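Here are a few short exercises to work through with the structure on your screen. Try each task before you read its solution.

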Amino acid sequence: MGKSRRNRKNAHQQSSRSGPSEYAKSLLENANTGENSIVEKKSKLSKAIRLTKKQKRKNKQSEFMKKLKIAKKMSGIQESKKSNLSSMGDLASSLKDVVSSSRKGLKAGRKLSNKQKKKLLSKEVENFCAVMEHPAFKNAPIDTINEHITNTLKDQKESEDRLERDMKEISRDIDMSI
């Protein structure tokens, strides 16, 4: 065995006999003073003390189980929140009806064929040209757009009010017949 190799071997044996390295000692001191976060302390200490593979695996498994328990608690809280809504009965059923009817009106998942796209595009171009040629839009475009929006919202509100009145009349008629 060569001299340099013997010196390296002796140095290695001395360092392994002497206990934790200077780095490990400094980490232990920092852990006692509370300078680093808990996660950093664990990872640095495990590197400095050199845990066995089996110990690392057990630590990893215990940390995973803790995370799993937290996730189960959170899902339990979410389920309890959902069950609070279902205990209201009538409100929950009417809310489901409103949500389902609003989804039916959206038709977001429906795709247009090329023929339908061309037809829609031609209608939009016609409307755009009609708006551009309108004298009120030519004089004051922003005012015209503002007026259009207010009129559209007013019409929507009136149609909703009419629908609500009709529904009340129907419910009265049903109550009278019973």
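**Exercise 1. Find the residues of the nonpolar surface patch, then place I170.**

Step 1: L163, M167, I170 and I174 make up this patch, with about 400 Å² of accessible area together. Patch members have over 30% relative accessible area and no salt bridge, and nonpolar side chains (Val, Leu, Ile, Met, Phe, Trp, Tyr) are joined within 5 Å. A salt bridge puts a side-chain nitrogen of Lys or Arg within 4 Å of a carboxyl oxygen of Asp or Glu. Areas come from the Shrake-Rupley method with a 1.4 Å probe; for residues, only the protein chains shown count as cover.

Step 2: I170 belongs to helix α8 (residues 141-177). Helices are DSSP runs (H or I, at least four residues), and strands are E runs of at least two, numbered from the N terminus.

Step 3: I170 counts as partly exposed because its relative accessibility is 46%. Buried means under 20%, exposed over 50%, and partly exposed in between (1.4 Å probe, protein chains only).

A word on the model: it is predicted, local features need pLDDT of at least 70, side-chain atom pairs count only at pLDDT 80 or more, and totals for chains, interfaces and linings use all residues. Residues are numbered from 1 along each chain as its sequence is written, and side-chain values use heavy atoms, leaving out hydrogens and water.

**Exercise 2. Describe where Q55 lies and what its side chain approaches.**

Step 1: Look for Q55 in helix α4 (residues 53-86).

Step 2: With 40% relative accessibility, Q55 is partly exposed.

Step 3: A polar atom of the Q55 side chain lies 3.0 Å from the backbone nitrogen of T52.

**Exercise 3. How many helices and strands does the protein have?**

Solution: there are 8 helices and 0 strands.

Terms used: Patch = residues over 30% accessible without salt bridge, like charges linked within 9 Å, V, L, I, M, F, W, Y side chains within 5 Å. Polar contact = N/O pair within 3.5 Å; in protein donor to acceptor, adjacent residues only side chain to side chain.
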